2 protein chains.
Amino acid sequence: MAATASDGTVAKALEVLDQVAAYGRPVRFSDLLDQSPYPKATLYRLLQTLVGQGMLSFDPDRSCYALGLRLVRLAHAAWQQSSLAPIARPYLDRLSAEVGETVHLAQLDHAQVLYVDKRNARDPIPMYSQAGKVGPAYCTGVGKAMLAYLPDNTLPAILAQQSWHAFTPKTLSSPEAMRAELDAIRVRGFAFDDEEHEPGIICVALPILSSRGGVLGALSVTSTTARTSLQELQKLVPTIQQIAQTIAQETETWRFPEDGATPMRKRA
Amino acid sequence: MAATASDGTVAKALEVLDQVAAYGRPVRFSDLLDQSPYPKATLYRLLQTLVGQGMLSFDPDRSCYALGLRLVRLAHAAWQQSSLAPIARPYLDRLSAEVGETVHLAQLDHAQVLYVDKRNARDPIPMYSQAGKVGPAYCTGVGKAMLAYLPDNTLPAILAQQSWHAFTPKTLSSPEAMRAELDAIRVRGFAFDDEEHEPGIICVALPILSSRGGVLGALSVTSTTARTSLQELQKLVPTIQQIAQTIAQETETWRFPEDGATPMRKRA
DNA sequence: AAACAAGTTCTAAATAATGAAACCTGCAAG
DNA sequence: CTTGCAGGTTTCATTATTTAGAACTTGTTT
């Protein structure tokens with residue numbers, strides 16, 4: 001059940017892939033070996049396979065492994081066929097143009113926030129988030145907006161997985177504090193991030209909910225305390241709300257092209 | 001040696017992953033089964049493993065498989081640790097701001113062009129390319145710019161893998177025509193795309209070359225025949241050239257942080 | 001109600017993964 | 001030089017996983 005279960009060879013290979021990813025830079029064989037539970041020969045063969053498959057690349061000059069381009073190809077396909085991101089894209093463009101501030105689209109992945117798309121502010125501000133990056137759920141606007149609408153039976157498990165690290169003095173760093181906050185969010189209908197993750201960074205966030213109340217993702221508009229305030233940002237809620245609803249509707253409506261039509265005979 | 005070699009279990013699993021990716025939309029089990037060389041039970045288990053690993057997601061309502069979010073996470077890491085893309089990023093921003101037209105950064109992946117980053121024109125034009133997408137090498141500006149500087153011994157293999165499909169009347173669709181074109185590009189120092197891939201779309205492209213002449217990637221500025229001409233675009237060459245060189249230098253200079261320093265003891 | 005199609009589980013047999021140990025390097029110290 | 005050594009690669013008998021035929025469920029069509 002755990003991710004590190006001895007599921008099979010594929011799991012081991014993917015574990016190695018994650019390890020390389022975690023390094024964040026090209027790695028030599030022995031670096032990996034030190035951290036690996038597998039013996040030399042096994043690790044070696046796993047790496048060979050991954051390189052052979054284009055999931056890793058190997059630089060013979062520096063004898064270093066790095067993540068391969070096949071991943072980028074696959075991820076592009078993943079993004080495209082996810083039901084949310086491609087549909088939301090034009091609306092993000094519109095929202096971005098309208099408000100001129102940083103706009104995020106995020107989904108929940110395991111217990112974390114995955115930023116699936118982003119538009120920079122007209123006058124960009126440096127910050128943590130990036131499309132494809134994951135962030136904490138308990139101290140980001142999008143994260144809290146999604147947590148607030150999770151079904152009661154899944155919420156505890158998710159909360160249990162948060163690190164509750166206090167990034168800033170304002171970070172809510174306990175499940176209890178969070179439950180109160182989530183109640184407030186449900187009453188309000190949207191979430192704030194009041195410098196809970198990065199000092200000076202604030203945002204308003206709204207969940208994207210399916211008609212049956214399921215959490216599809218979240219939208220946020222982010223700025224800085226230097227430029228604006230939560231009061232100001234709150235004025236954008238109706239606009240964001242409107243867009244979140246449109247995206248939700250379209251996501252539910254849009255069945256993939258052809259679906260009942262002649263299912264296209266295979267093999268002539 | 002071929003990609004479909006019976007390399008092992010990992011290869012099979014990845015093949016299935018590609019298959020799902022190729023569908024471009026959620027797939028049902030039997031759709032995959034029809035196209036799969038594996039028997040029911042085998043395919044079934046492979047899918048289970050991939051879902052368990054988060055490489056695929058499974059929607060029980062529609063009983064459909066789709067690519068999973070773990071891929072997006074991995075790909076982000078891949079992009080970040082590739083030596084080219086993160087370094088080039090600020091320069092793309094600058095180039096984009098300066099010229100106001102669509103800007104591409106591409107690398108060669110197998111025999112194809114992989115767009116690793118992109119900036120839209122101030123007034124965006126609809127076109128094929130997208131970050132993460134692959135495209136043909138023989139009929140795009142970035143593709144030809146890179147082909148022109150490939151070492152003689154690898155070029156033939158790459159050319160042999162092109163489809164030579166004539167997307168437009170202007171597409172160069174034979175290795176012979178291409179060799180002449182590549183000679184011209186080397187003399188000129190940059191490549192054009194004169195509506196060879198999409199009608200009405202033109203561009204100038206320059207390779208990003210390492211100090212030893214290796215092809216690291218390519219940069220292009222793209223527009224439409226309605227808006228400008230190749231003559232006009234050509235005026236941008238010095239600007240692009242300059243940026244391509246800067247990127248190349250920085251890529252070569254930038255060794256990852258710490259490298260000779262105390263290699264950070266593992267395991268206390 | 002019967003037939004069917006899609007999806008799931010079981011199993012012995014086949015196959016692929018494993019890892020200890022031996023083997024290459026090239027380099028640095030004696 | 002030549003010895004020792006660390007990083008990397010290969011071998012091979014052993015072991016564990018994967019395989020795929022067939023039987024079984026379940027839900028849907030005629």
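This report describes a predicted model of two protein chains, A and B, with DNA strands C and D.

## How the two chains are related

Chain B can be placed on chain A with an RMSD of 0.1 Å by a turn of 180 degrees, with a shift of 0.0 Å along the axis. This is the relation of a two-fold axis. In chain B, the C-alpha nearest that axis belongs to B:V10, at 2.6 Å from it.

The interface fits this relation. Of the interface residues of chain B, 98% are also interface residues in chain A, so the copies meet through the same surface.

## Domains of chain A

The domain assignment splits chain A into domain 1, covering 9–72, and domain 2, covering 82–253. Between the C-alpha centres of these two domains of chain A the distance is 34 Å.

## The surface near DNA strand D

Around DNA strand D there are 15 residues, and those that come nearest are A:T9, A:S30, A:K40, A:Y44 and B:R45. Four helices each supply at least two residues of this surface: helix 2 (29–35) and helix 3 (40–52) of chain A, and helix 1 (9–23) and helix 3 (40–52) of chain B. By type, the residues of the surface near DNA strand D are five nonpolar, six polar and four charged.

Sugar or phosphate makes up 61% of the atoms of DNA strand D within 4 Å of the protein, and the rest belong to bases. Contacts with phosphate include one from A:T9, where a backbone N or O atom lies 3.0 Å from a phosphate oxygen of DNA strand D. A backbone N or O atom of A:S30 also lies 3.0 Å from a phosphate oxygen of this strand. A:K40 contacts a base: an N or O atom in the side chain of A:K40 is 2.7 Å from a base nitrogen of DNA strand D.

## The surface near DNA strand C

DNA strand C is surrounded by 13 residues, of which A:K12, A:R45, B:S30, B:K40 and B:Y44 are the closest. Of the atoms of DNA strand C that come within 4 Å of the protein, sugar and phosphate account for 61%. The residues of the surface near DNA strand C comprise five nonpolar, five polar and three charged.

Both chains contact the phosphates of this strand. In chain A, an N or O atom in the side chain of A:K12 is 3.0 Å from a phosphate oxygen of DNA strand C, and a polar side-chain atom of A:T42 lies 3.1 Å from a phosphate oxygen of DNA strand C. In chain B, a backbone N or O atom of B:T9 lies 3.2 Å from a phosphate oxygen of DNA strand C. The elements giving two or more residues to the surface near DNA strand C are helix 1 (9–23) and helix 3 of chain A, with helix 2 (29–35) and helix 3 of chain B.

## The sheet of chain B

Chain B has an open sheet of six strands, in the order 5-4-3-8-7-6, with antiparallel pairing. Strand 5 (134–135) and strand 6 (191–194) of chain B stand at the edges with a single partner strand each, so one side of each is left without a neighbour in the sheet.

Within this sheet, strand 3 (residues 102–109) and strand 4 (residues 112–119) of chain B run antiparallel and are joined by seven bridges. B:L108 has B:V113, in strand 4 of chain B, as its bridge partner.

Definitions and conventions
Residues are numbered from 1 along each chain as its sequence is written. Chains are lettered from A and ligands numbered from 1 in the order in which they are written. This is a predicted model: local features need pLDDT of at least 70, side-chain atom pairs count only at pLDDT 80 or more; totals for chains, interfaces and linings use all residues. Side-chain values use heavy atoms; hydrogens and water are left out. A residue is near a molecule or strand if one of its heavy atoms lies within 4 Å of it. A polar contact is a pair of N or O atoms within 3.5 Å; within protein, one must be able to donate a hydrogen and the other to accept it, and residues adjacent in sequence count only if both atoms are side-chain atoms. Ala, Val, Leu, Ile, Met, Phe, Trp, Tyr, Cys and Pro count as nonpolar, Asp, Glu, Lys and Arg as charged, and the others, Gly among them, as polar. Copies are superposed by least squares on the C-alpha atoms of residues with pLDDT of at least 70 in both. Contact means heavy atoms within 4.5 Å. Domain bounds come from an automatic or database domain assignment. Two strands pair if DSSP finds at least two bridges between them.
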